[in-house]
Amino acid sequence: MSNFAIYPSLRDKVVLITGGGSGIGASHVEEFCAQGAKVGFIDINRPAAEAVVAKVADAGHARPTFFETDLRDIEAVKDSIRQFTGSVGDVDILLNNAAHDERHQIEDVTVEYWDDRIAVNLRHQFFAAQAVAPGMIRKRKGSIINFGSLSWRIGMGGMPVYVTAKAGVEGLTRGLARDLGPHDVRVNCIIPGWVMTQRQLDLWVTPEAEKEIEQKQCLKSKVYPADIARMALWLAAEDSRMCTNQTFVVDGGWC
Ligand SMILES: NC(=O)c1ccc[n+]([C@@H]2O[C@H](COP(=O)([O-])OP(=O)(O)OC[C@H]3O[C@@H](n4cnc5c(N)ncnc54)[C@H](O)[C@@H]3O)[C@@H](O)[C@H]2O)c1
């Protein structure tokens, strides 16, 4: 028996998740499927995505629909969203989760690299919102959840374009919330702290990093993908119906 909430308002809702093939996104897919939502997700990594679909089915929930789409290709993103809404109806909840936190040095950034990093970390969030907004406006209801990052708030170096994009996500959230609010469409932003995804564990969570986490977080246990997904569930559900235009930080008290 789980200790965590089941939200009646999420049952049968149409949920679109970007980057659902691994990391925090995979946890979103699992958690929303467990709520009885109709989930579709976009990712570029087919083997990882198929493993998520199989895991959800093994847990006895309805299978999510996977779209193998590069989010840098906006026409392909719009096409995937059209296919999804064509089969299950207008999107109720959009999770703009995908990103890629590749490290880069100032002197190595070309114009092409800059554009590519903005495309993978910011641009698709706007165009996915643009694509689902008319359906939400028709229903006079919707929740869009964008994903920012703690990194720029704590002044991290080594990835200037990523942090620029992630700062932009917060501005995008506020701009969309103002324009869509009169239609009862809510737009919020989740700021994850340092989340123990497989990618973070493989690449950066060294014994020294573990010490830093313990020192910087108020809470001494680690943040896991499901901690972020459970905040997304609440922001998607009716329980948060008067919350919009906000950022919600889930970082164990780091910043
Ligand atoms: N993990 C953390 O510590 C952390 C910290 C702060 C913010 N975040 C944010 O949380 C969100 C999820 O992060 P994560 O750690 O799970 O990321 P991740 O890198 O582990 O997973 C991202 C997913 O997006 C997919 N993806 C990447 N580029 C794509 C593209 N061009 N087209 C389609 N799919 C693509 C990947 O295949 C992967 O499945 C991101 O917005 C990230 O910036 C994460």
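The largest pocket of this structure is lined by 45 residues, and those nearest its centre are Ala-99, His-100, Asp-101, Arg-199 and Gln-200. Five helices each give two or more residues to that lining: helix 1 (23-34), helix 4 (111-139), helix 5 (150-153), helix 6 (160-180) and helix 7 (198-203). Please keep in mind that you are looking at a predicted model. The points below take you through the pockets, the ligand and the cysteines.

**The largest pocket**
- This pocket has a volume of about 1,200 Å³.
- Helix 7 supplies the largest share of the lining, with four residues.
- Sorted by class, the lining of the largest pocket holds 19 nonpolar residues, 17 polar ones and nine charged ones.

**The second largest pocket**
- The second largest pocket offers about 320 Å³ of space.
- Its lining is made of 20 residues, and Lys-141, Asp-184, Arg-186, Glu-238 and Arg-241 are the ones nearest the centre.
- Two strands, strand 5 (142-147) and strand 6 (185-192), each contribute at least two residues to the lining of this pocket.
- Here the classes come out as seven nonpolar, five polar and eight charged residues.

**Around the ligand**
- There are 28 residues around the ligand, and Ile-24, Asp-43, Asn-97, Tyr-162 and Val-195 come nearest.
- Asp-43 has a polar side-chain atom 2.6 Å from an oxygen atom of the ligand.
- Asn-97 takes part through its backbone, where a polar atom is 2.7 Å from a ligand oxygen.
- Ser-22 has an N or O atom in its side chain that lies 2.8 Å from an oxygen atom of the ligand.

**The cysteines**
- If you go looking for disulfides, a search of the whole structure finds zero.
- As a reminder, a disulfide is a covalent bond that joins the sulfur atoms of two cysteines.
- To count as one, the two sulfur atoms must be within 2.5 Å.
- Cys-189 is too far away for such a bond, because its sulfur is 12 Å from the closest cysteine sulfur, which belongs to Cys-255.
- Cys-255 cannot pair up either, because the closest cysteine sulfur, in Cys-218, is 9.7 Å from its own and thus too far for a bond.
- Is Cys-189 buried or exposed? Cys-189 is buried, with a relative accessible area of 0%.
- Cys-255, on the other hand, is exposed, with a relative accessible area of 52%.

Definitions and conventions: Residues numbered from 1 in each chain as written. Predicted model: local features only at pLDDT ≥ 70, side-chain atom pairs only at ≥ 80, totals over all residues. Heavy atoms only, no water. Buried < 20%, exposed > 50% of the residue type's maximum accessible area, 1.4 Å probe, protein only. 1 Å grid on protein atoms, 1.4 Å probe; cavity = no way out; pocket = protein on both sides within 12 Å on 5 of 7 lines; lining within 4 Å. Points joined across faces, edges and corners; volume = space filled by probe spheres on them. Nonpolar A, V, L, I, M, F, W, Y, C, P; charged D, E, K, R; others polar. Near = heavy atom within 4 Å. Polar contact = N/O pair within 3.5 Å; in protein donor to acceptor, adjacent residues only side chain to side chain.
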